[in-house]
Amino acid sequence: MFFSNFVMGRLGRDPAFFDHVEGSLAEHVARQLRHAGVDLDPADNPYLHWILKGDHGAALPLARRAEHFDTIRSRLDRLDLRCGALEAFVATGEKADGFNLSDIFEYMDADIFAGVYGSVLGAANPGARPVYWNMMVPRRAPAAYADRVERLVVVEDTGKAQDKAFFYSDFVVEQLR
Ligand SMILES: C[S@@+](CC[C@H](N)C(=O)[O-])C[C@H]1O[C@@H](n2cnc3c(N)ncnc32)[C@H](O)[C@@H]1O
């Protein structure tokens, strides 16, 4: 009942999401939960563990596992942390080879998304990969930029099948031509 189109619609979720999923929203959530709980190993899923029990237990995310501590520490000099909006980075004139953008495009309306997406391509080296997720709102390369990127379907499908963040409705991997 909680994940029904009616209740989620009343909670202010963008109806565009309902167009995106196969069947009802509740069916989508049930399908994703089944995938995370049956097809994948639920004991190994940090997100599921957190949602159900309020902590990670033994299912730590990769970055918090003891076996990765030394690798991360020895490479700290590779990190350059900038706090702020993506829009600020893409305006610096710097270029990147990859973008892990979480689901930030659904915090923007369609017009702003198209503008920011264009700025991301402007800040990308040839062959760079923008990677992002959709949760409630469908977002893929806007028509104006679609011919500048290739959609890496095999990489997307492989990633989706093993994505422990099972609650997303879409996982997008594109590559600049
Ligand atoms: C679903 S969360 C993902 C969090 C992150 N991947 C993690 O594991 O902690 C999306 C994040 O994107 C941030 N965000 C939203 N719009 C953004 C923007 N335009 N630029 C940078 N970050 C943004 C939000 O504040 C939020 O923290």
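# Notebook: a chain, its sheet and its ligand shell

I began with Ala-85, which I found in the loop that runs between helix H5 (69-74) and helix H6 (86-90). Everything I note here comes from a predicted model. I then asked myself whether Ala-85 is buried or exposed. Ala-85 counts as exposed, because I find 11 C-beta neighbours inside 10 Å, and the cut-off for that class is 12 or fewer.

**The ligand shell.** Which residues surround the ligand? I listed Ala-85, Leu-86, Glu-87, Ser-102, Asp-103, Ile-104 and Tyr-107. When I sorted this shell by character, I had four nonpolar residues, one polar residue and two charged ones. Two members of the shell, Ala-85 and Tyr-107, are 22 residues apart along the chain, and I find 12 Å between their C-alpha atoms.

**Ser-102.** I turned next to Ser-102, also part of the shell, and located it in the loop between E1 and helix H7 (110-122). Ser-102 counts as partly exposed, because 14 C-beta neighbours lie inside 10 Å. Its phi is near 50 degrees, which is a positive value in a residue other than glycine. I noted beside this that most residues other than glycine have a negative phi.

**The whole chain.** Stepping back, I counted eight helices and four strands in the secondary structure of the chain, and read along the sequence they follow the pattern α-α-α-α-α-α-β-α-β-β-α-β. The C-alpha atoms fill a box of roughly 45 × 45 × 30 Å, taken along the principal axes. Of the 177 residues, 14% count as buried. Among contacts between residues at least 6 apart in sequence, 67% join residues at least 24 apart.

**The sheet.** In what order do the four strands of the open sheet stand? I read the order as E1-E2-E4-E3, with mixed pairing. Strand E1 (96-100) and strand E3 (149-151) stand at the edges and have a single partner strand each, so one side of each is left without a neighbour in the sheet. Neighbouring strands are turned by 15 degrees against each other on average, with direction ignored.

I looked more closely at strand E2 (residues 124-134) and strand E4 (residues 170-176), which pair in the antiparallel sense over four bridges. Following this pair, I saw Asn-134 opposite Asp-170 in E4, and Val-131 opposite Val-173 in E4. E3 and E4 also pair in the antiparallel sense, over three bridges, and the bridge partner of Glu-150 in E4 is Gln-175.

**Helix H8.** Helix H8 (residues 153-162) lies across E3 and E4, and I noted that the helix runs at about 150 degrees to E4.

**The nonpolar core.** Which residues make up the largest nonpolar core? I wrote down five: Phe-105, Tyr-132, Trp-133, Val-172 and Val-173. E2 and E4 each supply at least two residues of this core. As background, I recalled that in soluble globular proteins nonpolar side chains tend to be buried together.

I finished with Val-173, a member of this core, and looked up its contacts while leaving aside neighbours within four places in sequence. Val-173 is in contact with Arg-129, Val-131, Leu-152, Val-155, Glu-156 and Gly-159. One of these, Val-131, is the residue that I had already noted as standing opposite Val-173 in the sheet.

Methods: Residues numbered from 1 in each chain as written. Predicted model: local features only at pLDDT ≥ 70, side-chain atom pairs only at ≥ 80, totals over all residues. Near = placed C-beta within 6 Å. Nonpolar A, V, L, I, M, F, W, Y, C, P; charged D, E, K, R; others polar. Pairing = 2+ DSSP bridges. Axes fitted to C-alpha atoms, helices over the stretch in contact; angles between N-to-C directions. Contact = placed C-beta atoms within 7 Å. Buried ≥ 20, exposed ≤ 12 C-beta atoms within 10 Å, placed from the backbone. Core = buried A, V, L, I, M, F, W, Y, C linked by C-beta atoms within 7 Å.
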